[in-house]
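Work through the exercises below with the sequence and the coordinates at hand. Each task is followed by a solution in steps.

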Amino acid sequence: MKERLLNSINKSFDWLIENLEFFNIQDYNLNKCEGITDERKSFGELALALLIIQKSPEFVNDPRVEKIKKYVKQITESKNFVFNMQKDVTLFAFYLTVYVSLKEVGIELPNYERILKNQLKHNFVSRVERTAWQQIDLKYFLDKAGFENQLPDNKSLYKASSLNFLPNLIFNRTIDSYAITHLLFFLSDFGSRDISSFLGEKLQETKNYVATLTKLYTHKRDWDLLGELLISCHILKHRDFSLHKKCLHLYLDSQCEEGDFISRNALEAFDNHKKLSQKERFKANHHPTLVGLFCCVLEYQHIITKDYEHANVEA
């Protein structure tokens, strides 16, 4: 399994580098506030990749990571990147994500810090209506940045979230499953914090729920969501349910030879052997490929850590 994961990681990295130019952000339209466009979402996710990969000593010094880091920094320093940063409140979370992700890898953006703090000082950011999921997400980045904020503590937000009131699986919607995975991501700092005691008596129920979703979305061939659910299994330290290994193997089997994982939007096209342009394929598959990279890096790190601990016990 270790070699399969390493092979998948290398393929994902190579695909991302091959398509790096498509993460670029076009000049802002000076006549309107555009909010979080698809371009900004994909660029923010690329920046977040640096934060997550930073957690793995096995890959943090990979030259491809350095190339991504330089690319993200270069975009943030471009002339029009900060246009509307202070004017459009919907962009706050985007700029905060980029700022924190670069800060985590040692790149300081003092001008961004000043503007973000100023926006927080006037309180309008914290008074925007948000779900518990969105508030936990925002609080994660604010805390990482070291910014004071008026958001409730994580325990209070968790109790108001769907992770505490798990939706009935009979009525499961895709967005509900994404909410569960993202709540786990940010409450655990992508697996860096053990949240067993945080979940308390809900721990086993949460494990069982995520295990069921993992099997369900394997059956549906929703590779993007399956990747997020496998990361959730890592966070919950829950790999001992039936079919976990099978789900992981099928997930790795789904990766294209070129290195990308397939989105729901591209799956039908791929099944029908429809040819997509490089840009169309990027737009469809960049998110599941980033998720695939995160998933495999975390799973690989788990195996490495387990091997190290086993070697120490034998010694």
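The exercises cover one helix, several salt bridges and the aromatic contacts.

The model is predicted, so local features need pLDDT of at least 70 and side-chain atom pairs count only at pLDDT 80 or more, while totals for chains, interfaces and linings use all residues. Residues are numbered from 1 along each chain as its sequence is written, and side-chain values use heavy atoms, with hydrogens and water left out.

**Exercise 1. Helix α2**

Compare the expected span of helix α2 (residues 38–53) with the distance between its end C-alpha atoms, and state how far the helix is enclosed.

Solution. Helices are DSSP runs of H or I with at least four residues, numbered from the N terminus. The expected span is 1.5 Å times one less than the number of residues. For the 16 residues of α2 this gives 22 Å, and the end C-alpha atoms are 23 Å apart, which agrees. Next, take burial: a residue is buried under 20% relative accessible area, exposed over 50% and partly exposed in between (1.4 Å probe, protein chains only). In α2, 13 of the 16 residues are buried, so the helix is largely enclosed by the rest of the structure.

**Exercise 2. Salt bridges**

Locate the partners of the K55–D189, K139–D143 and K237–D194 salt bridges in the chain, and give their exposure.

Solution. The criterion is a side-chain nitrogen of Lys or Arg within 4 Å of a carboxyl oxygen of Asp or Glu. The structure holds 18 such bridges.

Step 1. K55 and D189 meet at 2.9 Å, N to O. K55 lies in the loop between α2 and α3 (63–76) and D189 in the loop between α8 (174–188) and α9 (196–199), so the pair ties together parts that are 134 residues apart in sequence. K55 is partly exposed at 23% relative accessibility, whereas D189 is buried at 7%. Both belong to a salt-bridge network that also includes E104 and K144.

Step 2. K139 and D143 have an N to O distance of 3.6 Å. The two are 4 residues apart in helix α6 (residues 132–145), or about one helical turn. An α-helix has 3.6 residues a turn, so residues three or four places apart point the same way. K139 is buried at 12%; D143 is partly exposed at 41%.

Step 3. In the bridge of K237 with D194, the closest N and O atoms are 3.8 Å apart. This pair links distant parts of the chain, 43 residues apart: K237 is in the loop between α11 (223–235) and α12 (244–253), and D194 is in the loop between α8 and α9. K237 is partly exposed at 48%, and D194 is partly exposed with a relative accessible area of 48%.

**Exercise 3. Aromatic contacts**

Are the planes of Y140 and F186 stacked or tilted? Which residues form one aromatic cluster?

Solution. Rings of Phe, Tyr and Trp (its six-membered ring) pair if their centres lie within 6.5 Å; planes under 30 degrees apart are stacked, over 60 edge-to-face and the rest tilted. A search of the whole structure finds 20 aromatic pairs. For Y140 and F186 the centres are 5.1 Å apart and the planes are at 55°, so the pair is tilted. Y140 lies in helix α6 and F186 in helix α8, so the pair ties together parts that are 46 residues apart in sequence. Y140 is buried at 5%, and F186 counts as buried at 4%. The aromatic cluster consists of F43, F81, F94, Y95 and Y112.
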